Structures are given as C-alpha cells and as structure tokens.
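I opened this notebook to record what I looked up in the structure. The entries follow the order in which I consulted it.

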Amino acid sequence: MALADHFSPLEFGMARHGGCKTIIHGLHATLDLHPDWIVLQVDIQNAFNTISWEALFCELRAAIGSLDQLFLFVGSFYACHLSLYFSHCSHEDEVSFLSSESGTRQGDTLGGALFALAHLRALRTMASKYPLCLFSSLADDTHIFGPFEAIVPAFHTLEGHLSAVGLIVQPTKCVAWSPFGLPSSLSLPPGFSLPSTGLRILGAPIGSDSFQASFVGDALEVDVSIIHQLSLLGNPQVAFGLFSRCYVQRLGYLL
C-alpha cells in the first residue's frame with residue numbers, strides 16, 4: 001500500500017506490471033500515433049554512484065503515505081560519509097581510502113527504489129513543463145518522446161534538473177531517432193548517436209521492420225547457440241534450471 005499511496009495509478013501500474021514492457025509498448029503506440037515524433041535515449045554517467053544524498057533525503061521527507069517512515073532507517077546508512085578501501089595490490093601498506101559521499105550503496109536492496117525516488121521529481125517537473133512530450137524512466141534508462149519543436153528544449157531542461165540531483169548526462173552515449181528521419185536543423189549536443197533505421201530500448205528493437213527482424217534474428221542465433229551447449233554441462237537438472245529460469249525468460253521477452 002505504501003507504493004500505491006505515494007505513486008500515481010499509472011506509475012504504480014508500471015511498477016506492478018513490468019516497467020520494461022509498459023515503456024516499449026507505450027513507445028510503439030506513441031509512434032503509431034505520431035510517426036514524426038523524435039525519441040531521445042538519455043544516458044546518465046555513473047548514475048547510481050552519483051545520485052545526491054540530499055535529494056534522496058528531501059524526497060523521503062516529502063513522501064506521503066508510509067514512505068516517510070523510512071527516513072530514519074535510510075538515514076542510519078546514508079547520513080554519514082563512509083570510507084571505502086581501495087588498493088591496486090595485496091600489500092596492506094598500499095591501501096588507500098575513498099570517501100563515499102553520494103550514490104546508493106552496492107548491495108543495498110533499497111538502492112533501486114531510493115534512486116528512483118530521488119530521480120522522480122525531475123521527471124514529474126518535466127512532464128508538467130512540457131505537456132507535449134512523454135518521459136519514461138526505468139532505473140537510469142531515461143527517454144523523451146516528443147515533437148521536433150519541443151524535444152531539444154526538453155532535453156536541455158531535463159539535463160539541468162538531473163544535474164541538480166547529482167546526475168550528469170553523457171551525450172556520447174545518448175541516441176536520437178525518428179521513424180520519419182531527423183530534421184537537419186535538430187541542434188543536439190555533439191556526440192549524440194543518430195541511427196537511421198532504429199535503436200534498442202531496454203533490450204528491445206524499435207525501428208523499421210528490417211531493423212527489428214535483423215535484431216531478433218541475431219539475438220535468436222546467439223540464444224539458440226547457447227541453449228545447444230547446455231547439454232555439455234552433463235547434468236540435466238542444472239541444464240533444465242538454466243533453460244527454464246534464464247533462456248525461456250529471454251526468449252519470452254524478445255517475443
């Protein structure tokens with residue numbers, strides 16, 4: 001109930017029913033309605049290690065429902081800077097110390113939820129400021145869908161909001177694509193990848209029929225090759241476990 005109390009029905013539905021599939025099918029439906037729209041895939045550099053603790057605590061404090069009760073619990077892990085041990089070799093006298101002052105902790109089961117919570121305000125602010133655009137995010141994979149006249153201003157504004165919570169956009173890993181092709185006057189930062197036939201979003205191909213067919217064909221070739229090698233394990237139970245828990249899921253997602 002805590003999630004349902006804090007998030008809107010749409011956001012809660014995405015959390016319950018599979019954010020990946022919701023984003024992918026939503027994008028397909030959006031491009032069917034607006035084939036001249038542009039898709040921006042926004043990459044955040046070292047996202048989970050750089051999210052601001054201050055932003056995290058502000059969002060926890062402002063949360064409604066029972067999420068605010070996590071404030072003191074989370075504070076016991078994140079309120080103080082911690083020393084991380086770092087060494088290039090095994091000699092004790094070569095050990096250095098790094099101060100951990102941002103980001104979620106590796107191994108923290110709440111890490112993903114805390115990151116999403118601190119990231120959420122930027123997305124909500126953008127959605128209200130640019131009603132013609134759609135914004136989606138799963139973990140640190142953020143996407144903007146929108147018309148030509150709004151997409152670049154929306155990107156630069158989002159970049160500023162992300163910077164305010166410690167997140168830095170990495171243009172050289174960002175992608176822009178449109179079914180109708182990108183206008184020559186589109187002024188994106190240097191480094192953006194501009195594919196002509198399609199792009200991969202959350203492990204799924206978005207683009208022309210030939211692009212999607214090629215993507216699926218390559219993925220199936222790899223998976224089928226690995227499946228044939230499961231018999232080499234010499235243990236049918238282990239082979240079946242890997243097949244049913246890993247590759248069946250992969251193939252189902254690909255379909």
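Entry 1, a hairpin. I began with Ile-201, which stands opposite Ala-204 in S10. The model I am reading is predicted. I then looked up the strands around this pair: strand S9 covers residues 198-201 and strand S10 covers residues 204-207. S9 and S10 run antiparallel and are joined by four bridges. Two residues lie between the strands of this hairpin, and I noted that Leu-202 has a positive phi near 55 degrees.

Entry 2, the whole protein. I looked up the inventory of secondary structure and found ten helices and ten strands. The protein has 255 residues, of which 36% count as buried. I recorded an exposed area of about 15,000 Å², with carbon and sulfur atoms supplying 59% of it. For contacts between residues at least 6 apart in sequence, I noted that 61% join residues at least 24 apart.

Entry 3, an open sheet. In what order do the four strands of the open sheet lie? I read the order as S5-S6-S1-S8, with antiparallel pairing. The edge strands are S5, at 134-138, and S8, at 175-177, and each of them pairs on one side only. From one strand to the next, the twist averages 15 degrees.

Entry 4, the pairing of S5 and S6. I looked at S5 again and found that five bridges join it to strand S6, residues 141-146. These two strands run antiparallel. As one position in this pairing, I noted Ser-136, whose bridge partner in S6 is His-143.

Entry 5, helices across the sheet. Which strands does helix H3 lie across? I found that H3, residues 19-33, lies across strand S1 (38-42), S5, S6 and S8. Its direction is at about 155 degrees to S5. I then looked up helix H7, residues 111-129, which lies across S5 and S6. H7 runs at about 165 degrees to S5.

Entry 6, cysteines. How many disulfides does the count give? I applied the cut-off of 2.5 Å between cysteine sulfur atoms, and the count comes to zero. I also looked up the exposure of two cysteines. Cys-20 has a relative accessible area of 24% and is therefore partly exposed, since buried would require under 20%. Cys-246, at 35% relative accessibility, also counts as partly exposed, because the exposed class begins over 50%.

Conventions:
Residues numbered from 1 in each chain as written. Predicted model: local features only at pLDDT ≥ 70, side-chain atom pairs only at ≥ 80, totals over all residues. Heavy atoms only, no water. Pairing = 2+ DSSP bridges. Axes fitted to C-alpha atoms, helices over the stretch in contact; angles between N-to-C directions. Contact = heavy atoms within 4.5 Å. Buried < 20%, exposed > 50% of the residue type's maximum accessible area, 1.4 Å probe, protein only. Areas by Shrake-Rupley, 256 points an atom, 1.4 Å probe, with all protein chains shown as cover.
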